[in-house]
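Open the model in your viewer and keep the sequence panel visible. The stops below give a selection and then what is found there.

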Amino acid sequence: MDRRTFVAGSLVAALPAQPLLAETGKARMKPPVARRGNHRFTVQGITIEDPYAWLRDKDYPKVDDPEILAYLKAENAYFEDRMGDASMLTEALFQQMKGRMKEDDSSVPYADGDWLYWWAFEAGGQYRNWYRRPRGGGEATLILSEPKLAEGKDYFRLGTLDVSPDGRLMAYSTDTNGSERYALMIRDLASGADIETVAPDSLGGVAWSTDSKSLVWAQASAEWRPTKAWLHRLGAPKSELLYDEPDAGFWVQPSITQDRKWILLNSYTQTTNDVRLLDASDPAKPAVLVKPRKTDVRYTIDARGDTLFVLTNDDHVNFRIATAPVADPGTWTTLVAGSDDVYLTDITAFRSYLAVEERLRGLDQIRLIFPDGQDRRVKFPEDSYTASLGTNAEPDAPALRISYSSMVTPATVFDYDVAASTLATLKVQEIPSGYDASQYATERLYAPARDGTKVPVSVVYKRGYAKDGKWPLHVYGYGSYGIATPPSFSSARLSLLDRGFAYAIVHTRGGDDLGYQWYLDGKLEKRENTFNDFVDATRFLNAQGFGRPGLNSASGGSAGGWLMGAAVMQAPQLWGAIVAHVPFVDIVNTMLDDTLPLTPGEWPEWGDPRKDEVVLKRLIRLSPYEQALPGPFPPMMITGGLSDPRVTYWEPAKWAARIRAVNTDNNVLLLKINMGAGHGGKSGRYERLRETAEEFAFILMALDGQMKA
């Protein structure tokens, strides 16, 4: 069975009596050609040419330059023209994915004080409604309607939703353009009226005072950095400054301990932080610093009574758990020592026990540690899965809420009865169009990287997949910031599996899948390990019979878009299709520009090329934009968002322009810039699903050989 017959044949089976592609009957649009400028600059004696620098609007974040907008619109028109060829395919994929989605889905209610809270979709609704009812029984009350707030808007995203301790008020925040500057409001829940606008530019969560008369929030600066924490007293004309972080690379985030006695102000980068304690009964009191920051030392705080619990990597790379008296918060006594085998990732100090989230050889674990020193792990029903604590809002949790899934098991909500050591299933993600887990298989493999490191790979496929190199393979990766990629379930992914794909997640270095050292081994001077792991794992999978060069597709977003660019740089012939969402690819320019939102906080990840020639040369060598050199490129789909504050729109735009100028083959390159969205793409659940359908349609067309320029 050859590649074309397999992919096209499967598709036709899903679309009886219809051709694979729509017959447009019109002339093909030519791809846009960006003007090439002569911009160049010199850093540390190295001259860097940046021919598409003009695509950055000089007034950013305002983007109104006519030439830039005209070029982006031309790229979008070309994208629509080419993807219009697959309109029936995209629609079929969308309808399949939508058919697996419960349209009136709702969450499992969780308890908080006198109330039960949950969300629910109306059938056909893009956004959630949020409800509560008395814990002892009674009528449900709608406390927030996302559909109403989103009405008439092209983009809408809810940020914070946090009810005050007395249950009377609710703080909530909204973003209506994708810029991630959230308008923070306070609503009276009895009347349903918004009574105060706290700020137009909040970022992150809030923390209420014990008496429900004030809250702490963080502000996004002009550079979109939350460096200021404010105290807002209800009825006051303006907020009071509590803390102003002097280092532009550190962000400030307020939260509250599980016992609700302390508001935490966490000042952090990815690798270094410190925490200040605010008395939740009077947040205006001077903050208490738990322990001064030390480079490359992280710590997390929770509290129970007069005891602080500390999760820190100060003496072991995989972290230890310590305790400290609130009266002397910087004196830490080890409770759980660090381990080479067990990676400690989070702690929650409930009244009756300490819940510890950890990984054992890359597999999620939840361990309960009791005051008498006894401990036990929650036992889960599969050998490979992902599990984490769900919403446990109260100071104690005799029934611990847990979220669970695997690559073949839909998202599941458990309550773990702590006294009985039993799991009760509260909800399993419903697949209305039908799903039989026994029809799918998953494997955990270990691919040898070129330096001998064994890289874990999670693979899922439909039973009957023949490992003979004739069936397609899709590979996903991220590998940055110590963020693991869990082997979780995706109902949308079934549209590839049912068309004969195997789907693989490569757990590259740079994530923390196998521990904190796994993260450290994919950053700074070891950054190339992430890229090598991904390419080497794909070649290993091909050697095992999954896919083959030209029949492999790959996708990644944001820093995972850098991974996509590096994979193309290393092995262009390995890929039959590449999808890079909001890709971080203009590495050198971004890391040289400290006015951009994320740059100062990124230097601990990738290095500071302004000060170090070695770093500059390394980033030039690894930058997909710099290394877009004459040669072949596979079919590529690149996306961006005009309002994106994380990866600015010009990164994907410049990269696409440079590739198109040097591409020596006839494979298509498509660029789509969401003109009214940010880093996460479109915001409604169906709009997001349609973008996934569009991505899968592109992959299917490309592997079927029907995506040429």
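Which residues of α2 meet Glu694, Ala697, Phe698 and Met701 in α13? The model you are looking at is predicted. Select residues 66-84 for helix α2 and residues 685-703 for helix α13. The α2 residues in question are Phe79, Arg82 and Met83. Taken together, the residues of this contact divide into five nonpolar, no polar and two charged. The two helices pack at an angle of about 65°, and their axes lie 11 Å apart. The crossing of α2 over α13 is left-handed.

**Helix α13**

Stay with α13 and select its two end C-alpha atoms. They are 27 Å apart, in agreement with the 27 Å that 19 residues should span at 1.5 Å a residue. Now colour the helix by accessibility. Of its 19 residues, 15 are buried, so α13 is largely enclosed by the rest of the structure. Step just past the end of the helix to Gly705, where phi is positive, about 80°.

**The loop before α2**

Go back to α2 and select Pro61, in the loop between β2 (46-49) and α2. The peptide bond from Tyr60 to Pro61 is cis, and its omega is near 15°. Most peptide bonds are trans.

Next select Gln44, in the loop between β1 (40-43) and β2. Gln44 is not a glycine, yet its phi is positive, about 50°. Its relative accessibility is 32%, so Gln44 counts as partly exposed.

A second residue to select for its backbone is Glu180, in the loop between β8 (169-175) and β9 (182-188). Glu180 has a positive phi of about 60° and is not a glycine either. Is Glu180 buried or exposed? At 12% relative accessibility it counts as buried, because the cut-off for buried is under 20%.

**Phe156**

Select Phe156, in the loop between α4 (146-150) and β7 (157-163). Phe156 is buried, and its relative accessible area is 2%. Show what surrounds this residue, leaving aside neighbours within four places in sequence. The contacts of Phe156 are then Tyr127, Glu146, Leu149, Ala150, Thr174, Asp175, Thr176 and Ser683. Draw a C-alpha to C-alpha distance from Phe156 to Tyr127: the two are 8.8 Å apart in space and 29 residues apart in sequence.

**Strands β18 to β21**

Move to the open sheet whose strands run in the order β18-β19-β20-β21, with antiparallel pairing. Its edge strands are β18 (299-304) and β21 (333-336), each of which pairs on one side only. From one strand to the next the twist averages 30°. Select β18 together with β19 (residues 307-312): six bridges pair them in the antiparallel sense. Within this pair, Thr300 stands opposite Leu311 in β19.

**Strands β27 to β29**

Select β28 (residues 412-417). Five of its six residues are buried, so the strand is largely enclosed by the rest of the structure. Add β27 (residues 399-405), which runs antiparallel to β28 and is joined to it by six bridges. The two strands form a hairpin with six residues between them. Across this pair, Ile402 is opposite Phe414 in β28.

Now add β29 (residues 422-428), which pairs with β28 over six bridges, again in the antiparallel sense. Which residue in β29 is the bridge partner of Asp415? The partner is Ala424. The hairpin of β28 and β29 has four residues between the strands, and Ser421 in this hairpin takes a positive phi near 60°.

**Helices α7 and α8**

For the last stop, select helix α7 (residues 528-543) and helix α8 (residues 559-570). Their axes come within 9 Å and cross at roughly 65°. The crossing of α7 past α8 is right-handed. From α7, the contact uses Thr530, Phe531, Asn532, Phe534 and Val535. From α8, Trp562, Leu563, Met564, Ala566, Ala567 and Gln570 take part. The residues of this contact divide into eight nonpolar, three polar and no charged.

Technical notes
Residues numbered from 1 in each chain as written. Predicted model: local features only at pLDDT ≥ 70, side-chain atom pairs only at ≥ 80, totals over all residues. Heavy atoms only, no water. Expected span 1.5 Å × (residues − 1). Buried < 20%, exposed > 50% of the residue type's maximum accessible area, 1.4 Å probe, protein only. Axes fitted to C-alpha atoms, helices over the stretch in contact; angles between N-to-C directions. Left-handed = near helix turned anticlockwise from the far one by under 90°. Contact = heavy atoms within 4.5 Å. Nonpolar A, V, L, I, M, F, W, Y, C, P; charged D, E, K, R; others polar. Pairing = 2+ DSSP bridges.
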